[in-house]
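Welcome! Take a moment to turn the structure around on your screen, and then we will walk through it together.

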Amino acid sequence: MSTIKEIAPELQAIADRVIAQAGKGEQIEAYVARGRETDIRIYEGEVEHFVSAQSEGIGIRVIREGRTGFAYAGTLDDDAIASVLADARDNVAFGTPDEWAGLAEADGVPVVAQELWSDALAAYATDGKIELAKELERLTRGADSRVRVDDANYSDASGEAAVASTSGIRVSGRENGCYCSVSTLADDGDETQTGFGFAVGRSPQEFDLAKAAREAADRATRLLGAVKPPSKKITVVLDPYVTAQFLGVLSSALNGENVAKGRSLFANRVGESVASPLFTLVDDPTNPKAYTATDIDGEGLAARRNALIDGGVLQGFVHSSYSARRAGTKSTGNAVRGGFEGTPGVGCLAMQLQPGTRSQAELIADVDDGVLIQSVQGLHSGVNAISGDFSTGASGLLISNGQLGGPVREFTIASTLQRMLHDIVEVGGDVDWLPMRAAGVSLVIRDLTMSGA
Amino acid sequence: MRSVIEQDVLERVLGTALRAGGDFAEVYAEDKSSTSAGLDDGKVEQVTSGRDRGAGIRVVRGETTGFAYTADLSEKGLRAAAEAAGAVAAQGGGGTRTVGLTRQAPHPVNVVEVYPDTVSKSAKVALLQRIDDAARSAGAAIGQVSAGYGDSRKRIIVANSDGLLAEDEQVRHLLRISVVANGDAGMQTGFESLGHTIGFEVFDANDVEELARRAAQQAITKLRARPAPSGSIPVVIKAGSGGVLFHEACGHGLEADLVGKNASVYAGKVGQQVASPLVTLVDDGTMAGEWGAIGIDDEGHPSQYNELIKDGVLTDYMWDHLRARKEGHAHSGNGRRQSYMHLPMVRMTNTYVLNGTETPEDIIRNTPNGVYVAKLGGGSVNTASGDFVFGMTEAYLIENGEITEPLREGNLIGNGPQVLRDIEALGNDFAMGNPGTCGKDGQGVPVGDGQPTLRVKTMTIGGTAA
């Protein structure tokens with residue numbers, strides 16, 4: 001969200017009207033949002049579907065005597081808003097009193113402005129959007145004769161939102177963005193493998209469609225002829241895209257609410273060595289290079305840079321105002337909100353690992369017996385960030401004596417998060433600002449168990 | 001039950017949708033009220049009330065679909081969405097087309113006794129308190145309990161330019177229980193859930209305290225678990241815990257949209273032996289009360305019992321309106337969508353394997369060494385290669401035909417077509433599994449699964465032990 005005042009005056013007025021109805025001893029927060037999306041899918045040169053839509057809604061949080069109630073509706077008509085407020089008030093009675101319940105209060109941390117809105121995208125013609133997806137399909141087909149295109153897509157979304165609270169928060173903003181993506185299939189005899197590629201930007205002018213097409217073709221073809229490797233202990237090199245997913249898993253253990261509720265393997269370990277000295281991790285949504293850069297968090301506080309792990313030593317956790325009150329500290333500006341349907345939770349916004357200096361090729365040259373992990377499958381089912389058990393399906397290329405070898409698939413790599421963090425031997429210099437909550441960089445980790453044949 | 005939108009309005013909106021051209025138009029509208037409540041750390045954190053209401057309109061011309069949705073259910077709002085959806089199908093021509101709708105006979109599948117809006121919020125919250133108490137009483141090792149309650153009542157209406165007009169009401173109740181146990185070697189977790197498409201009476205028929213104790217016991221048992229093995233090993237899957245294997249290993253590959261794009265390993269294989277002769281697999285939207293049970297699908301067609309694999313031979317795929325129309329095939333009641341904001345596509349309902357003949361005891365006894373999976377977590381599949389993965393959240397070693405020590409968590413991986421052929425024992429103890437949310441192309445829909453105890457010759461277990 002951008003903090004420019006009155007950027008969404010109509011929504012701000014709705015939020016203001018809601019909180020003005022607060023009674024004595026009652027805290028109210030209103031979050032009002034409106035969004036618009038375009039979604040185009042191309043298949044074999046024709047538009048398969050074209051979706052154009054608008055949605056809006058309001059979520060209202062009421063707190064009284066330490067009890068919280070919440071309600072939402074996917075509409076902004078006056079009757080609906082009145083019944084949302086009534087429902088939220090009614091729901092208060094059923095919450096358990098919580099001494100830490102409450103809304104965020106302004107903390108004076110200055111906002112670092114971000115460019116989150118593109119007039120060029122807002123003005124981009126529909127025919128041009130269709131043409132972009134068609135062009136991506138053509139480029140991808142042309143990249144390799146073995147490649148078929150499953151679908152090519154263009155999507156954009158724009159949204160505006162306003163928050164107001166009886167604790168003095170009052171901000172509104174707007175944001176837009178777009179991406180193109182393509183899914184590929186590569187055939188060789190009976191065997192079929194899949195790939196994908198994408199281009200993202202504030203506006204279509206930033207797209208590199210040729211790169212997206214090349215990557216989608218590469219990802220599908222590089223696994224043709226892949227075999228199931230043997231089971232053994234091995235060194236892995238994670239592609240930047242895989243590292244970013246790994247950091248995403250780790251983020252739940254750095255979440256202050258999980259720590260407070262006994263769900264983090266990092267609880268009570270601030271100041272201790274939890275990772276290799278090479279591992280320095282920050283959450284910095286103020287870095288404009290980060291895809292998820294933002295200026296305001298889900299409660300309306302300034303987003304800011306927070307050190308999480310420095311030289312392997314745990315520095316602290318990310319907090320919303322609620323988790324901070326529980327922990328006896330201040331919000332780190334890490335409240336996250338999924339939309340008007342829910343209340344804010346806690347999360348990392350834009351994680352970045354401090355890069356090393358060497359390229360992926362140089363990292364691989366140092367590995368005697370290993371595997372380059374190019375994609376993982378089942379991180380959501382095979383990793384438990386509470387116990388630390390780590391097991392994921394994977395595919396990639398074998399490495400022997402510093403050389404890349406043949407493709408492998410249908411195997412897993414396993415360890416524990418605790419052990420993996422200490423087993424990191426090198427961080428690459430190849431930072432990739434991916435469209436995820438973490439930037440990618442190559443990572444070398446030793447002693448994982450590879451399970452295959 | 002009052003209609004979400006009146007019939008004459010629907011007829012005029014469909015006319016508007018087709019004005020610019022197009023050969024098929026559809027209005028899907030829903031009105032959904034929901035209540036949810038979460039308990040964590042011993043406290044009811046908050047009760048949430050939600051209201052979602054809107055309509056999605058699509059217009060199809062040839063291979064192209066235009067789609068628009070709106071939260072404005074007035075005739076003006078609907079006509080504006082119809083024009084937006086129709087614009088993409090425009091091709092000069094167009095003209096006036098009159099649509100006359102015929103109301104379909106109701107197709108009730110789920111019988112609801114106690115509607116959620118007739119139950120007090122305190123009764124809903126009390127369930128969570130009972131769960132918290134029961135889980136915490138399971139042992140001193142229990143460190144944290146969180147529980148979630150959710151109910152929803154959704155009315156849908158579907159009308160299309162073929163004259164179809166169908167309505168349904170869907171009521172759902174869901175409970176989720178997560179437990180953390182603390183031990184000398186760190187923390188372990190347990191999880192249980194319960195979900196049915198019936199009313200609040202579901203909590204009379206099911207013992208929620210017992211469910212909470214099971215989740216707690218799972219976490220406590222894992223405190224003494226040893227690392228899961230690594231490599232290819234025989235796997236026995238307990239009844240009602242491995243339906244997700246079939247959902248991932250072949251269910252998705254039998255969806256006609258993926259087959260039509262030749263993005264499934266099962267394309268072109270109807271009539272062929274694709275699984276062990278022991279396997280008969282069905283997708284059954286009519287299984288009353290189950291999480292994937294529906295009266296009509298989200299395109300207005302009655303749900304069906306569809307046989308997909310019979311004695312190992314592939315009999316048919318699952319179909320939605322578009323794919324069925326294109327191939328000249330009958331639709332199978334599998335056109336589903338997450339909400340009015342989404343286009344329908346081919347989706348599963350309740351997918352399960354019918355009983356075999358062996359007792360589960362015999363299956364275990366006849367497995368000299370292997371892994372016994374008592375609970376599977378989430379999974380995913382690459383339908384084109386057939387490679388799939390899912391997490392085992394409760395598993396044990398089998399040594400000399402007996403279940404012995406608990407194992408820590410890990411992923412199980414395999415290749416769908418291979419695993420289907422490798423099913424070498426099938427039990428007579430069929431059970432349905434936990435309620436699931438199936439994700440496809442960014443949309444989640446509720447699904448059920450089930451199977452009897454079975455053994456797969458070998459699968460790859462992604463543990464760390466040699």
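How many helices and strands make up the secondary structure of chain B? In this predicted model, chain B has ten helices and 23 strands. Its radius of gyration is 24 Å, close to the 23 Å that the globule rule gives for 466 residues, so chain B is as compact as a globular protein of that length. If you drew a box around the C-alpha atoms of chain B along the principal axes, that box would come to roughly 75 × 55 × 35 Å.

What about the inside of this chain? Of the 466 residues in chain B, 60% are buried. Among its contacts with a separation of 6 or more, 75% join residues that are 24 or more positions apart.

Now let us move to chain A and look at helix 2, which covers residues 78-92. With 15 residues at 1.5 Å a residue, this helix should span 21 Å, and its end C-alpha atoms are 22 Å apart, which agrees.

Which residues of helix 2 of chain A are buried? They are Ile81(A), Val84(A), Leu85(A), Asp87(A), Ala88(A), Asn91(A) and Val92(A). These residues cover an arc of only 165° around the axis, which puts them on the same side of the helix. An α-helix has 3.6 residues a turn, so residues three or four places apart point the same way. On the face turned away from the buried side you will find the exposed residues Asp78(A), Asp79(A) and Ala82(A).

And what do the buried residues of helix 2 of chain A pack against? Within chain A, their partners are helix 1 (9-19), strand 2 (46-64) and strand 3 (67-73). From chain B, strand 2 (43-61) and helix 3 (121-136) join them.

Conventions. Residues numbered from 1 in each chain as written. Chains lettered and ligands numbered in written order. Predicted model: local features only at pLDDT ≥ 70, side-chain atom pairs only at ≥ 80, totals over all residues. Helix = DSSP H or I, 4+ residues; strand = E, 2+ residues; numbered from the N terminus. Expected span 1.5 Å × (residues − 1). Buried ≥ 20, exposed ≤ 12 C-beta atoms within 10 Å, placed from the backbone. Arc of directions from axis to C-beta. Contact = placed C-beta atoms within 7 Å. Rg over C-alpha atoms; globule rule 2.2 N^0.38 Å.
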